[in-house]
Every structure is written in C-alpha cells, then in structure tokens.
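Please load the model in your viewer and colour it by secondary structure. The tour below proceeds from selection to selection.

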Amino acid sequence: MSPGTHLLFSWLSTAEILKNRRERAIVSISGIAPDIDGIGIVIDEISGTTDLYFQYHHYLGHSFFSALIISVLAMLIAKTQKCAVFVLSFILVHIHILFDVIGSKSADGYQWPIYYLYPLNAEFFITWDGQWELNAWQNQVVMLCLLAGCGYYAVTKKITFLEVFSSRVNDEFFKMYFKYIHRNT
Ligand SMILES: [Zn+2]
C-alpha cells in the first residue's frame, strides 16, 4: 500500500500505547521505513540508466532481517518505553509487509513479490493471488477508516500524525483550527 497508509496506520497504533511524542514518531517512522528500499527510483530518474528501484524494492527493506534492524534502531533511539517501541516496530514492519502483499499490485498487473528472507535466501518470496491494485477501492476504504481514526484522536487527545514531523507542526494545526474553524462553529 502507499507510504501514507503505512504512516497513518503505524501512528494510530501508537496513540494508546506510547505516552510521548518522540516514541510515537519513532515507531511511526519504523512502520514506513521498509519503503526506503524504493529510494532507488530517485537515482533511476536522475541517471536514466540504472534500475535500482526494480532491483531492490521489496528486497532490502521488506524482510525479517530488516524488521529486526529497524526495531533495534528504534529501541536504541527511544528514550522511554524501549521494550514497547521494539515490539511495536517489529509488529508494524510485518503489518507493512502484509499490507503490501494484499494491496500493492501495479497498474500493469505486476505483483511485487516480497523477499522476506533476503539476503539469506534470495529465492523465497511471498505473493498473493488475490492482491488488489494500489489505487483500488479497498485501499481507499482503508484510508477513509484511518482518517476517521485520526479525527478521533484529534478531538479526544489533541494529537495528529503531524507530530511525527514535529510537535510544532501539530500545535500549529490546532492553533489554526481554533482560530479559523472552531470560532465560527
Ligand atoms: Zn512497502
């Protein structure tokens, strides 16, 4: 699924469990971190001769070993609830992989296989026959549900996924909300 879906799902998963913004942001980033292996697309665009995106996307970041590395790094960076940060990051990388398996088919019908045991085993991969396209209605329904969840936490806890980027961005959002929208309702 799209990085936006991974980010919102990961952030929502932290809202009840992690007490501080720093740890919520770290775990949310863990949830989208597997897609860093798609960064080769930028180099491909610039060079015009490489094919790094096709070579490495769903290999390097979408494996058991990358889940382990991402979770350990997240735990080391966290200052509080380190154990929860590790467990949540590990689970969310796997949910990311699951989401990609079920709903990331390219428009041309290509199913991105997940090389879960890479680099130890470059032959084994995971795909699912029923996989739907990246812009299918199922993904849009998932996104609507995630946005509804974000709305719930914005109202009840005054936090949004914007805090992943900085607490100031989150605070500015509520300042604007109370200044321009809440005042007029
Ligand atoms: Zn992915």
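For the packing of two helices described later, axes are lines fitted to C-alpha atoms over the stretch in contact, and angles run from 0 to 180 degrees between N-to-C directions. The model shown is predicted.

**The whole chain**

Begin with the entire chain selected. It contains eight helices and zero strands, so that the order of elements from the N terminus reads α-α-α-α-α-α-α-α. Along the principal axes, the C-alpha atoms occupy a box of roughly 55 × 35 × 35 Å. Of the 185 residues, 30% are buried. Among contacts with a separation of 6 or more, 62% join residues 24 or more positions apart.

**Helix 2 and helix 5**

Next, select residues 21-32, which form helix 2, together with residues 64-77, which form helix 5. The two helices pack with their axes 10 Å apart, at an angle of about 165°. Because angles over 145 degrees count as roughly antiparallel, helix 2 is roughly antiparallel to helix 5. The crossing of helix 2 past helix 5 is right-handed. To display the contact, show Ile26, Val27 and Ser30 on helix 2, and Ile70, Ser71, Ala74 and Ile77 on helix 5.

**Leu92**

Move now to helix 6, residues 82-103, and select Leu92 within it. Is Leu92 buried or exposed? Leu92 is buried, because 28 C-beta neighbours lie inside 10 Å and the threshold for burial is 20 or more. Leaving aside neighbours within four places in sequence, Leu92 is in contact with Ser10, Ser13, Val27, Ser30 and Gly31. Val27 and Ser30 also belong to the contact of helix 2 with helix 5. A distance label may be added between the C-alpha atoms of Leu92 and Leu7: these residues are 85 apart along the chain, and the separation is 10.0 Å.

**Annotated spans**

Colour residues 59-78, 85-103 and 137-155, to which an unreviewed UniProt entry assigns the feature "transmembrane region". In residues 59-78, the end C-alpha atoms lie 26 Å apart, and the span is 70% helix and 0% strand. For residues 85-103, the end C-alpha atoms are likewise 26 Å apart, while the span is 100% helix and 0% strand.

**Helix 8**

Finish at residues 167-181, which constitute helix 8. How many of its 15 residues are buried? The count is zero, and helix 8 is hardly covered. From first C-alpha to last, helix 8 reaches 21 Å, close to the 21 Å expected at 1.5 Å a residue.

Notes. Residues numbered from 1 in each chain as written. Predicted model: local features only at pLDDT ≥ 70, side-chain atom pairs only at ≥ 80, totals over all residues. Helix = DSSP H or I, 4+ residues; strand = E, 2+ residues; numbered from the N terminus. Buried ≥ 20, exposed ≤ 12 C-beta atoms within 10 Å, placed from the backbone. Contact = placed C-beta atoms within 7 Å. UniProt positions renumbered as here; feature names shortened; annotations may be inferred. Expected span 1.5 Å × (residues − 1). Parallel < 35°, antiparallel > 145°, perpendicular 65-115°, else oblique. Left-handed = near helix turned anticlockwise from the far one by under 90°.
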